[in-house]
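Biologist: I should like a close look at a single part of this model. Please keep the account connected, and place that part within its chain.

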Amino acid sequence: MWLRRDKHEIVRRLLSAYIDGELSSQEKALVEEHLRECAQCRWELETLRHTVAILREAPRVALPRSFVIRRADVEEAPAPSRVPAFLRVVTALGVAIFVLIVGLHFLMQALLPGMPAPVAKAPLPERRQEAVEKAPTVVVELEQRFTPAVTEEVVVTKEVSREVFAPTVIGKGIPRAPTDKVGVEPQALSPLPTTTVVGPVALAPSPMPKPAALPTSTPAPAIHPTPLPGPKFTTVLRIEPTPTPIPLYSQLTGRVASGWIWVIAALVLAGIGIGLWVYYRSKRKG
Amino acid sequence: MDERKLVERARKGDLDAFNELVIRYQKTAYNVAYRILGDAEAAADAVQDAFLKAFKNIRRFRGGSFKSWMFRIVTNTCYDVLRARKRRPSSSLDGMEVELNHTPLGDSGVESPEEYAIRQELNRLIQEAINSLPPEQRVIIVLSDIEGFDYREISETLGIPLGTVKSRLSRARAKVRDLLLAQEELLPVRYRLKVGADSNLESASKA
């Protein structure tokens, strides 16, 4: 139970809301119960009521004028400083472009760790050797039906294969025989049911690590294996002419280029957005 | 026209629609500002400023009570004036006299000079009492007891919880009561606090 004094203080604080009928039924009961026994609270209630009544009788003051907004009041606003607003837009765009450049720099570093310089530092032969060593050996199952587009003779030239990182098929005619072993280099990646063409092979969707780039320009066909739903064979080698071998740097930049386009677009949009926002704000502030 | 439609049109930049809203609220807005600031001229400036701000920012109004949104801008503008005044106190407001509206409809309609003088005196006393309150209590007592906003409207307008409305208003009323009691003899007779009727008053006030 509350002490009488506590109750008195609580009720005193509730009297104002009691006058306005803003108490819960529980609070109201508490106040009314206390009012019966506390003369001071009755006095408080009465004087408060009277005060509120006087305030409600407070005379209304007459409007000195109309406060309707004139068109001129709102149209004047945007004009004052067009040049500063423009400069602020330019500044914002500049900041955005700066952020973009710095961002791209770091992005490039992050995406291309250890990216070799476009110009080879090591002597060419060494680099070629390195490329060959790094080149993963791909064993590709050959099906009997080689792509008809294939030219007459299949010759795997070591030199070209090293450079292009693909078994280079030059010449005319159908591959000698589906069961022929055309060439074998470092290691096999998959079991060979029948025919194997082994050697450094450029596989389009390959998740293999890329060897160092070699600026060779021998035109050579690339071999793209395509999985086939055959019972025996899973891959078909299609031999088609490929353009000039792409240097690694270009390959890498090409690979990430599509990603960059989005980043650049996002940053440019952000820049334009910031600029417009600043401009809009400055206009509104007038 | 429906207030919601007017607000919608005003949000699209229709000044005429906004001015309809201004006409609806300008009297209350001016009286609120006048009571909070205790100065007719400052009140007029504050109200004009508040309406302009409201029109420029009406796109930020996201539904709810337009009245509460509008009066939040009015009271905030008044707070700004009070703050500026605190930094740079200006001349005294004593002796100010404003034109009072005629008595509400329902009365005889004609007011004698004596009646008008009595109302002017009452007005002065009330204003003095309000001026003695801290800004938050001024605003709440003006909205509640002079302009008749209910607790929810006050809570929305000032952005404070209902409990705070209750306690703040209770303190403000008690303070005004004490001030009016202190100069009761100055109050017109019919406005005097007739507390003597309670036989227990003396013992109660001693307690």
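Is Ser16(A) buried or exposed, and at what relative accessibility?

Modeller: In this predicted model, Ser16(A) is buried, because its relative accessibility is 0% and the cut-off for burial is under 20%. The residue lies in helix α1 of chain A, which spans residues 4-19. Leaving aside residues up to four places away in sequence, Ser16(A) touches Leu48(A) in chain A, and in chain B it touches Tyr151(B), Leu169(B), Ser170(B) and Arg173(B).

The surrounding chain may be described next. Chain A contains 8 helices and 4 strands, and along the sequence these follow the pattern α-α-α-α-α-α-β-α-β-β-β-α. Of the 286 residues in chain A, 37% are buried. Among contacts in chain A with a separation of 6 or more, 63% join residues 24 or more positions apart. Chain A exposes about 16900 Å², and 63% of that area is supplied by carbon and sulfur atoms.

The cysteines of chain A deserve a word as well. Searching the whole structure yields 0 disulfides over all chains. For Cys38(A), the closest cysteine sulfur is that of Cys41(A), at 3.6 Å; this is too far for a bond, because a disulfide requires the two sulfur atoms to be within 2.5 Å. Cys41(A) is likewise in no disulfide, with the sulfur of Cys38(A) as its nearest, 3.6 Å away. Cys38(A) counts as buried at 7% relative accessibility, and Cys41(A) is buried with a relative accessible area of 0%.

How values were computed: Residues are numbered from 1 along each chain as its sequence is written. Chains are lettered from A and ligands numbered from 1 in the order in which they are written. This is a predicted model: local features need pLDDT of at least 70, side-chain atom pairs count only at pLDDT 80 or more; totals for chains, interfaces and linings use all residues. Side-chain values use heavy atoms; hydrogens and water are left out. Buried means under 20% relative accessible area, exposed over 50%, partly exposed in between (1.4 Å probe, protein chains only). Helices (H or I, at least four residues) and strands (E, at least two) are DSSP runs, numbered from the N terminus. Contact means heavy atoms within 4.5 Å. Accessible areas come from the Shrake-Rupley method with a 1.4 Å probe; for residues, only the protein chains shown count as cover.
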